[in-house]
Amino acid sequence: AHPRVAAFWLPRFERFAEWFAETEPRRRGGVKRVLAELSGALVLDAPAGPFTLTARADRIDVRDGGALAIVDYKTGTTPTPSRVLGGEAPQLPLEAAIAGGGGFDHVDAARVAALSYIRVTGAEPPGEERPIACDDPAAIARAALEGLMSLITDFDSEETPYRATRRHAFKDIYRFDSYAHLARAAERDHPSWAAGQRG
């Protein structure tokens with residue numbers, strides 16, 4: 001409703017919509033059903049009791065043979081395939097694990113055949129499809145699940161400390177970590193603070 005916002009975003013939306021309309025028929029080839037915004041869950045047997053992994057998939061395509069393709073829409077930067085395959089960006093693999101176990105509403109348990117991102121910009125290019133190239137998405141899903149179980153097992157132990165700064169890879173910790181202000185991490189990381197500690 002704000003005219004300045006509309007002036008900026010409406011042309012971008014229109015450019016993306018045109019790109020999407022041109023490219024969507026190819027994505028729908030061999031697809032029986034397209035489902036959006038699906039809630040899913042998978043209960044894991046953890047040392048301290050059941051742990052429920054939940055997700056909301058942007059899109060799941062059910063192909064003609066029954067296999068699934070999971071798609072995530074991103075308005076910002078998409079994770080690189082190496083980060084996904086290396087376990088640093090586990091969202092899609094964990095959604096694949098839930099889907100493989102039949103944990104999504106209205107989707108039977110089935111083999112996950114493809115994982116991909118659709119980048120939504122409305123700029124140049126207005127949209128971009130970025131598949132995660134791998135021979136076996138199920139193997140990536142298993143690895144992500146094993147990594148999650150390892151993390152859960154660690155934190156189910158009373159001896160595991162909760163670190164003050166959990167996401168060292170991000171420069172702007174206050175944007176990604178709701179508890180960073182409690183650790184006063186910005187003060188600790190500031191050069192003058194470090195100099196004072198040395199003195």
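Here are some short exercises, each with a worked solution, on a structure that is a predicted model.

**Exercise 1. Laying out the sheet**

Work out the order of the strands in the open sheet, and find which strands stand at the edges.

*Solution.* Start with the order. The open sheet has 5 strands, arranged β1-β2-β3-β4-β5, and its pairing is mixed. Next, look at the edges. β1 and β5 (127–131) each have a single partner strand, so one side of each is left without a neighbour in the sheet. Finally, add the twist: from one strand to the next it averages 35 degrees.

**Exercise 2. Which way do the strands run?**

For each of the pairs β2 with β3, β3 with β4, and β4 with β5, decide whether the strands are parallel or antiparallel.

*Solution.* A reminder helps here: strands of a sheet pair through backbone hydrogen bonds, either parallel or antiparallel. Now take the pairs in turn.

- Step 1: β2 and β3 are antiparallel, pairing over 4 bridges. Val62 has Leu68 in β3 as its bridge partner. The two strands form a hairpin with 4 residues between them, and Gly66 in the turn has a positive phi of about 105 degrees.
- Step 2: β3 and β4 run parallel and are joined by 7 bridges. Here Lys74 has Arg119 in β4 as its bridge partner.
- Step 3: β4 and β5 run antiparallel, joined by 5 bridges. Across this pair, Tyr117 stands opposite Arg130 in β5.

One more check on β3: 5 of its 7 residues are buried, and the strand is mostly covered.

**Exercise 3. A threonine in a loop**

Find where Thr78 sits, say whether Thr78 is buried or exposed, and list what it touches.

*Solution.* First, the place: Thr78 is in the loop between β3 (68–74) and α2 (81–85). Second, the exposure: buried means under 20% relative accessible area. Thr78 has a relative accessibility of 6%, so Thr78 counts as buried. Third, the neighbours: leaving aside residues up to four places away in sequence, Thr78 touches Tyr117, Arg119 and Arg130. With Arg130 there is also a polar contact of 2.7 Å between the side chains. Two of these names should be familiar, as Tyr117 and Arg130 stand opposite each other where β4 meets β5.

**Exercise 4. Sorting the aromatic pairs**

How many aromatic pairs are there, and what is the geometry of Phe8 with Trp9 and of Phe20 with Tyr73?

*Solution.* The count comes to 4 aromatic pairs. For Phe8 and Trp9, the ring centres are 4.9 Å apart and the planes stand at 90 degrees, so this pair is edge-to-face. Both residues are partly exposed: Phe8 at 45% relative accessibility and Trp9 at 48%.

For Phe20 and Tyr73, the ring centres are 6.4 Å apart and the planes are at 50 degrees, so this pair is tilted. Phe20 lies in helix α1 (residues 3–27) and Tyr73 in strand β3, so the pair ties together parts that are 53 residues apart in sequence. Phe20 is partly exposed at 22% relative accessibility, and Tyr73 is partly exposed at 26%. To finish, ring pairs link Phe16, Trp19, Phe20 and Tyr73 into a cluster.

**Exercise 5. A covered helix**

Describe how helix α3 is covered, and name the elements against which its buried residues pack.

*Solution.* Helix α3 spans residues 91–100 and is mostly covered, with 8 of its 10 residues buried. The buried residues are Leu92, Pro93, Leu94, Glu95, Ala96, Ala97, Ile98 and Ala99. They pack against β1 (31–46), β2 (49–63), β3, α2, β4 (112–120) and α4. After the helix comes Gly102, with a positive phi near 75 degrees.

**Exercise 6. Across the chain**

Find the C-alpha separations of Ala139 from Ala96 and of Glu14 from Pro126, and set each beside the spacing along the chain.

*Solution.* Begin with Ala139, which is in helix α4 (residues 137–156). Ala139 is partly exposed, at 31% relative accessible area. Its C-alpha atom is 9.8 Å from that of Ala96, although 43 residues separate them along the chain. Ala96 is among the buried residues of α3.

Now take Glu14, which is in helix α1 and is partly exposed at 48% relative accessibility. Glu14 and Pro126 are 112 residues apart along the chain, and their C-alpha atoms are separated by 9.1 Å.

How values were computed: Residues are numbered from 1 along each chain as its sequence is written. This is a predicted model: local features need pLDDT of at least 70, side-chain atom pairs count only at pLDDT 80 or more; totals for chains, interfaces and linings use all residues. Side-chain values use heavy atoms; hydrogens and water are left out. Buried means under 20% relative accessible area, exposed over 50%, partly exposed in between (1.4 Å probe, protein chains only). A polar contact is a pair of N or O atoms within 3.5 Å; within protein, one must be able to donate a hydrogen and the other to accept it, and residues adjacent in sequence count only if both atoms are side-chain atoms. Contact means heavy atoms within 4.5 Å. Rings of Phe, Tyr and Trp (its six-membered ring) pair if their centres lie within 6.5 Å; planes under 30 degrees apart count as stacked, over 60 as edge-to-face and the rest as tilted. Two strands pair if DSSP finds at least two bridges between them. Axes are lines fitted to C-alpha atoms, for helices over the stretch in contact, and angles run from 0 to 180 degrees between N-to-C directions.
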